[in-house]
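Biologist: Before I use this model, I would like the reasoning behind some of its labels. Please show it to me and take the terms one by one.

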Amino acid sequence: MNISISAAPKPVKTGNFNYSNIESRYGVNTQYFTKDGKPYTIIAGEMHFSRMPRERWRETLLKMRECGVNTVSNYVFWNYHEEEKNAFDFRGNRDISAFLQICKDINMPCILRIGPWCHGEVIRGGLPKRINLMVKKRCDHPEYLKEVRDYWQVLYKEVYPFLDGKTVIGLQLENEYTGSAEHIRTLRKIAEEIGFKVPFFTMTAWPSGKPDNDFLPMMGGYPDAPWTHGKTALKPNNRFAISPAKTEDEIGGDLFKSNTAKKGAYDDVPYAFCETGPGNQVTQHRRPYIGEKDGYGVCFAKFSSGANWLGYYMFCGGTNPNDRLMQENRLTGYPNNYPIIDYDFQAPISRYGVCRSHGDRLRLMHLFINEFDNEICTKQAYFPEWKSNDPLDTSFLKCSVRADEQGSGYFFASTYEKALKYNDFKDVNVTFKIGDKIVKLPDVDIKADTMFFYPFNVQLGSVHFDYILAQPIVKTKADGKTVCYFAQCEGITPKCSVNEKEIPLDFSEKGTDIDDVKIIVIPYEKARKFHFINGKPYFLDGTVYCDNGKIYCEQETDVDLKKEISLIRCEKKKLPYNYFLYSTGKRSYYELKLPKDILDNRFDIKLEFDFDGLNLQVFSGNKLINDYFNIDRKFVMHLRDYKKYIGKNQTLIIRTAPKTRLGISNVYNEIPLPLNSDKLVLRSAKVIEYNMI
């Protein structure tokens, strides 16, 4: 297969942007962002402080940082803080000031998405009930604007110490707005009059499809669309495709008819995302399963396509408060039913703080941005001509080059699309043309269901490499050498070329020395465990983070306490929220009996159940403390988050409901569930250790 990619670099201009109202370290031009005057890629991960126990805020932010995230994003839900007029609540898990103080302490910049309307699968999109009842809302009506101003004035008092251009670096106003941008300009005017000052005012680029120089347009895209209707598998739609198209025409399709931007509309604005989905929240009617390649694939495709602000929604899962119903549901006029509590989102870091496999894989890509080529944002993306836009057409390779004007860069390729099977591509030959330079890349066989990139025409140390057939991770200095760590490109034998002479690269820990360069290639499976901390490489199992120079690791052990726990089917219990099990089937009840001291001198215990039912709820007394919409016939619960409940009541009640053929419980499960079964079996109760390395 012969592929030709011709580059026509776009000029880098200052741009007539009015994104900022403060002097700060951050800058922007028509192609990329800067920090302290140097090219900079923002890697922003969404984590909702109000959906997480505050005692885990710091460790979670540090876990995100260990995954390569350099900025945290947060919705600020109005009805979390002021459901009743003037009854403001910034206590406990809602203490935004305390959260931002942690961000400041650990130098983790924050983006606040302050609405007023947020969505975020929260009841009424985050609007208090009285606001939602207004006939004229989300518009420039004086009564509505007064309410917004009153709320934001109180919010400002909580956050103003952190509006320093370093801690809070962005404000998103509104979300998925279907009206005129004039309203968002009105909101910005109100925010500025109150005193909000940030380097970036942002807005979602959908559904308007029109850039606005007053707001940084933020893109989105997800591996699946559980908000869509219908109960069959979603058809492939180039969600994972490396593509010059910048906007997604499906996102937000539950609330409005999505619009597609005109071709070239966003060519002269920096390519930024606020909702690249490394996961999906499941709805009652649709249950996609997000595996490693699903959670990585969309993000890889957007980076390969030239994105220079990677914004992940969600990067870390969470839980809704259980003091009142806060989840979006059809009873409140919205199209989807969600769990009352669970907001795990199948995110790279789970709601319990466990790094999943797609988190490990994203870490490698982020390490490349942060530690190998921190000027990758200056390298524009170029593409071959697509043979067709048919998502089912697998006859050609989705690929790109990101390169500078000297012809030095990286080749990206993907043969992965959820629910679509590619064939292997044999003898792929790529010719890249830029200006008067022609670069011929090596012939390779590319296997189906793989995603990778490798460098070409690159200088490392004193050596000029024609190419290196491995995926770069980290570049550092040691013993007078430039030491480079690479991961194996799946299915490709690692090798490099210097002066047109091929040199094999093995998987030896000693690496391959080429003059003053050492190349260490890590087998793909081992690369998942790779961390680069304090300038040193580590291979570690478990969930890792660094705090004040010390390395901590959470690991599942072989110690199983299953015999100390009993799960027994019991008689019917009178419990609230029966409706929210969304099943026409008969309920079953189980008593989960735990030793009172089960968490004594233990960091955490992971309970894993086999579960065939549709949904379940967990109660301590009459208090709902957890729930789950079945995705993969498993149910996992970490006891650390329930310590206060276990201390008071060692018997938890689990209520289950089965899937049936008819009615609301006839749903789409990517991993099929048996009908009319409520089987729940405790498989294991593994102790989680917390160690300092």
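Modeller: This is a predicted model. I start with a cysteine: Cys484 has 0% relative accessibility and therefore counts as buried, since buried means under 20%.

Biologist: What makes Cys496 count as buried or exposed?

Modeller: The relative accessibility of Cys496 is 0%, so Cys496 counts as buried.

Biologist: How do you know that Cys484 and Cys496 are not in a disulfide?

Modeller: A disulfide needs two cysteine sulfur atoms within 2.5 Å. The cysteine sulfur closest to that of Cys484 is in Cys496, 11 Å away, which is too far for a bond. Cys496 is likewise in no disulfide, with the sulfur of Cys484 as its nearest cysteine sulfur. The structure as a whole holds zero disulfides.

Biologist: Which secondary structure elements does the protein have?

Modeller: There are ten helices and 42 strands.

Biologist: Why is the protein called as compact as a globular protein of its length?

Modeller: Its radius of gyration is 25 Å, and the globule rule gives 26 Å for 693 residues; the two values are close, so the description applies. The C-alpha trace spans about 75 × 65 × 50 Å along the principal axes. Of the 693 residues, 62% are buried.

Biologist: What share of the contacts between residues at least 6 apart in sequence joins residues at least 24 apart?

Modeller: That share is 74%.

Biologist: How many side chains count as positive and how many as negative?

Modeller: The protein has 96 positive and 88 negative side chains, and 4 Å separates the centres of the two sets.

Terms used: Residues are numbered from 1 along each chain as its sequence is written. This is a predicted model: local features need pLDDT of at least 70, side-chain atom pairs count only at pLDDT 80 or more; totals for chains, interfaces and linings use all residues. Side-chain values use heavy atoms; hydrogens and water are left out. Helices (H or I, at least four residues) and strands (E, at least two) are DSSP runs, numbered from the N terminus. The radius of gyration is taken over C-alpha atoms; the globule rule is 2.2 Å times the number of residues to the power 0.38. Buried means under 20% relative accessible area, exposed over 50%, partly exposed in between (1.4 Å probe, protein chains only). Contact means heavy atoms within 4.5 Å. Lys and Arg count as positive and Asp and Glu as negative; His and the chain ends are not counted. The place of a charge is taken as NZ of Lys, CZ of Arg, CG of Asp or CD of Glu.
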